[in-house]
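Got the sequence and the 3D view open? Here's a friendly briefing to read alongside them.

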Amino acid sequence: MRLFGHRVPLTALIGLAIIAINVVAAVGAPLIAPYDQAAVLGDAWADPTPQYVLGLDDLGRDLFSRLIYGARMSIGLAFVVTCLSFAIGIVTGFAGAVLRGWVDMLLSRIVDLLLSMPTLIFAFIVLSVLGTALPVLIVTIAILDSTKVFRLARALAMNIAALEYVEVARVRGEGLWWVIRREIFPNAVAPLVAEFGLRFSFAFLFIAALSFLGLGVQPPAADWGSMVRDYRDMINLDAMAPLYPAGAIAILTIGVNFVVDWMLAVHSRGHGEGA
Amino acid sequence: MSERRAGEDILRVEGLRVEVRTDRGPGPVLVDDVSFSLRRGEVIGLIGESGAGKSTIGLTALGYTRNGCFITGGRIDFEGRDIRQMSAAERRALRGPGVAYIAQSAAASFNPAMTLFEQICEIPVLHGVMAAAEAKTEAIRLFRELDLPEPEKFGNRYPHQVSGGQLQRAMAAMAMAARPDILVFDEPTTALDVTTQVEVLAAFRTLIREHRTAAIYITHDLAVVAQIADHIMVLRFGKMVEYGPAAQILAAPREDYTRRLVADRVAGHDFRALRTVGEPPLLRVSNVVASYRSLLRVIDDVSVEVSRGDTVAVVGESGSGKSTLARVIIGLLPRESGDIRFRGESLPPQLARRSKDQLRRIQMIYQMPDVALNPNQTLLEIIGRPVQFYFGRPRAEVRARVLELLRMMDLPEAFIARKPAELSGGQKQRVGIARALAAEPDLIICDEVTSALDQLVGEEILRLLKRLQDELGIAYLFITHDLGTVRRIANKVAVMLKGRLVAGGDTATVFAPPYHPYTELLLSSVPEMRRDWLDEVLARRGETLKAVRDAQIRLAS
């Protein structure tokens, strides 16, 4: 199979299929899910029946429906967080690379400062002080994540800014915004897109970890990380419940990484030439 | 490898064919039906423009192809054995003691973390040809033959501690270390200054003659190959155009293409402006001093004048400060002292302080069209932006102006929607010129605009620039190391040596005796087609170099 003129290997196809299924589930959750995520339908831990395919959870809610709504929350959150972190990281990284001098120095040191602290601990402190409202959660993770984007964007822009076509634009008298938007950004898109996939799966895992620890998504909203936490005791009772959200996290992470690997390979290969 | 039999073919290539294969299926044919043979002590020169398949042929002699290329036909017999039939291990054993390779960029071929001795002695020891101590003695002997300074100690240095010309010779020593039967030289002097090229060429020739090594010499410069090759093969688009004894190819080429290559080197065209203009100079650079981070003076007390319609050439070796002069005029590197007056007014040193109109009137064309054009923009955007930026024209007018410029460049109008990757090197350079013209400048600074192009393509670019000058009266400041070009295009010339101006004035005066010694050195180093040119230059060289040194001492004091 081919996509955008590139041959797609089997792993990437599997990855694309996984992402597609998850995205459909996330977007169409209210339509696909047979029941509401918060509806109590029967006894706790009722066994699977044709009506409730995966059974009911600790409060008697439909597990399958919660898994679908969980996709919506987990994927949606991770997507918003990654977009925000890229917006922050790219703008600051490019500005640092083009302006150099004290701007670059200041931004780089702030990033060093943030990177020197363990992210999970840092997120703990911020979230326990400011509370666990969704916007706080999103901004906190996005800022923490943007430090890595900053590093990449700055390095890419440094390389591009040294090329003569950027010099031509500067000599012409173009402003900073034009140089960043028209000369640098289009030439840095490919590696940034690949990085986006990678950072997305990290953000996704990070949110799952925070939710598992009780600082992420708050009940009754379903998300995969908190589902694993809520159902974890059932593993002792030989029930499958915690394995469904855990498996969903693992599969989506693998799927995204398959696609990212392929995109990185295509990018490093230039335009599909070579062996 | 074994006994040295004279007079017998050591390498015989027959019907060689190399093709590209991508994951989209078969690609272009790089080499098609090429045959030649090589005897011990014989040198064959492979000549052609980029894409002619010269390097590909050279590499097949080592049983190697670049990624994605495959030998799909013919035989390559090394001492009677077909390299194509050899196992991977046999081919590995061949490289080094059998056939060795000398690349264009020595700097990229040496490991910067190892001394030269370590890298040169590695090969014979690895192949079991010599013991370590013997390999070192051999390396010292090679250094002496190649005329390198302090042969005993030279190998203790790291690659960055020696000059470009010395490193290129060190690579020849590395290639010779395992006493190969065949040396493949792949454009080994192309990246060097003309003055250095003479020395390196002489060293290579001595090496080949003394060891009776066969050699394949790949270059795009007929004059260079004339000094060293016994036979010459002219290639174009992967096919043989002409193959014969060097003397015949140079004196009486049979094919039309060869004739054009030879003719352009011998005669050339005179592009010089003949008119004299009586108005005040357009650009007056007076006593300019500039340095990088105030550590090193790159330009010291340089004065140049350019009048309307002038073509002023700034010449010198790499490191002479000629490109820095361009950056200072443009404003990318602020001058420390001195003055630059343009149309009578003093230009601010910093780029940011110059007015839009001042920026517009001086444009620049770059050496590498590949990095001077944004690969993500169409020609409409690339050429149209200056029109929009400086003149604020509406979209439709911008487009009309871009089409007009494309026509002026002899480029098809349909190119307006193309991106740089879809153009050839010469076409890209035309786009660079169109972009400069779009600003309607008074002065265009041309920084080595033809040196990355093939000979005939570069010639067309020069012709185009001349035509534009005649039509529009633009002045050019031409930065180049190619003195052959300077003679033909410039009416004034400034010769730079280590950041200082050593000679300047009308081209006819500067390039006629009595020369400044440095001008003489530069002029005499430009390779000529005559086969005995190198010997003549070498005979006179000691004297010229001494005169240059004396002149430098005078300058410094």
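What follows is a short tour of the two chains, the empty spaces and a few residues worth finding.

Keep in mind that this is a predicted model. Chain A has 275 residues, and chain B has 557. A search through the whole structure turns up 8 cavities of 30 Å³ or more, and residues of both chains line the largest of them.

**Chain A**

- Chain A is built from 10 helices and 2 strands.
- Walk along the sequence of chain A and you meet the pattern β-β-α-α-α-α-α-α-α-α-α-α.
- Along the principal axes, the C-alpha atoms of chain A fill a box of roughly 75 × 50 × 30 Å.
- How much of chain A is buried? Buried residues make up 45% of its 275 residues.
- The surface that chain A exposes is about 13,100 Å², with carbon and sulfur atoms supplying 71% of it.
- Take the contacts in chain A with a separation of 6 or more: 68% of them are between residues 24 or more positions apart.

**Chain B**

- Chain B has 22 helices and 20 strands.
- The radius of gyration of chain B is 25 Å, close to the 24 Å that the globule rule gives for 557 residues, so chain B is as compact as a globular protein of that length.
- Its C-alpha atoms fill a box of roughly 75 × 60 × 45 Å, again taken along the principal axes.
- In chain B, 56% of the 557 residues count as buried.
- Chain B has an accessible surface of about 23,500 Å², and 50% of that belongs to carbon and sulfur atoms.
- If you look at contacts in chain B between residues at least 6 apart in sequence, 69% join residues at least 24 apart.

**The largest cavity**

- Rolling a probe the size of a water molecule over the atoms shows where empty space is left.
- How much space lies in the largest cavity? The answer is about 110 Å³.
- From chain A, the residues lining this cavity are Val168(A), Val171(A) and Arg172(A).
- From chain B, the lining includes Ile330(B), Gln363(B), Met364(B), Tyr366(B) and Pro386(B). Tyr390(B), Arg435(B), Ala436(B) and Ala439(B) line it too.
- Which element gives the most to this lining? It's α7(A), with 3 residues.
- On the chain B side, β16 (362–365), α15 (379–391) and α17 (425–438) each supply at least two lining residues.
- Sorted by class, the lining of the largest cavity has 9 nonpolar, 1 polar and 2 charged residues.

**The second largest pocket**

- The second largest pocket has a volume of about 880 Å³.
- Its lining has contributions of two or more residues from α3 (63–99), α6 (134–161), α7 (164–172) and α8 (176–212) of chain A, and from α13 (356–361) of chain B.
- There are 29 lining residues in this pocket, and the ones nearest its centre are Val98(A), Arg100(A), Arg170(A), Leu332(B) and Leu351(B).
- By class, the lining of the second largest pocket splits into 16 nonpolar, 5 polar and 8 charged residues.

**A buried aspartate in chain A**

- Find Asp145(A) in helix α6 of chain A.
- Is Asp145(A) buried or exposed? Its relative accessibility is 8%, so Asp145(A) counts as buried, the cut-off being under 20%.
- Leaving out neighbours within four places in sequence, Asp145(A) is in contact with Ser85(A), Arg199(A) and Ala203(A).
- Tyr231(A) sits 86 residues from Asp145(A) in sequence, and their C-alpha atoms are 29 Å apart in space.

**Backbone oddities in chain B**

- Most residues other than glycine have a negative phi, and most peptide bonds are trans.
- Now look at Arg212(B), which isn't a glycine but has a positive phi near 50 degrees. You'll find Arg212(B) in the loop between α8 (194–211) and β8 (214–219) of chain B, and it is partly exposed at 42% relative accessible area.
- Lys498(B) isn't a glycine either, and its phi is positive at about 50 degrees. Lys498(B) sits in the loop between β19 (492–497) and β20 (500–506) of chain B, and a relative accessible area of 58% makes it exposed.
- Where's the cis peptide bond? It joins Pro513(B) and Pro514(B), with omega at about 0 degrees. Pro514(B) is in the loop between α20 (507–510) and α21 (517–525) of chain B.

How values were computed. Residues are numbered from 1 along each chain as its sequence is written. Chains are lettered from A and ligands numbered from 1 in the order in which they are written. This is a predicted model: local features need pLDDT of at least 70, side-chain atom pairs count only at pLDDT 80 or more; totals for chains, interfaces and linings use all residues. Side-chain values use heavy atoms; hydrogens and water are left out. On a 1 Å grid over the protein atoms alone, a cavity is a set of points where a 1.4 Å probe fits but cannot get out, and a pocket is an open set with protein on both sides within 12 Å along at least five of seven lines; lining residues have an atom within 4 Å of a point. Grid points are joined across faces, edges and corners, and a volume is the space filled by probe spheres set on the points. Helices (H or I, at least four residues) and strands (E, at least two) are DSSP runs, numbered from the N terminus. Ala, Val, Leu, Ile, Met, Phe, Trp, Tyr, Cys and Pro count as nonpolar, Asp, Glu, Lys and Arg as charged, and the others, Gly among them, as polar. The radius of gyration is taken over C-alpha atoms; the globule rule is 2.2 Å times the number of residues to the power 0.38. Buried means under 20% relative accessible area, exposed over 50%, partly exposed in between (1.4 Å probe, protein chains only). Contact means heavy atoms within 4.5 Å. Accessible areas come from the Shrake-Rupley method with a 1.4 Å probe; for residues, only the protein chains shown count as cover.
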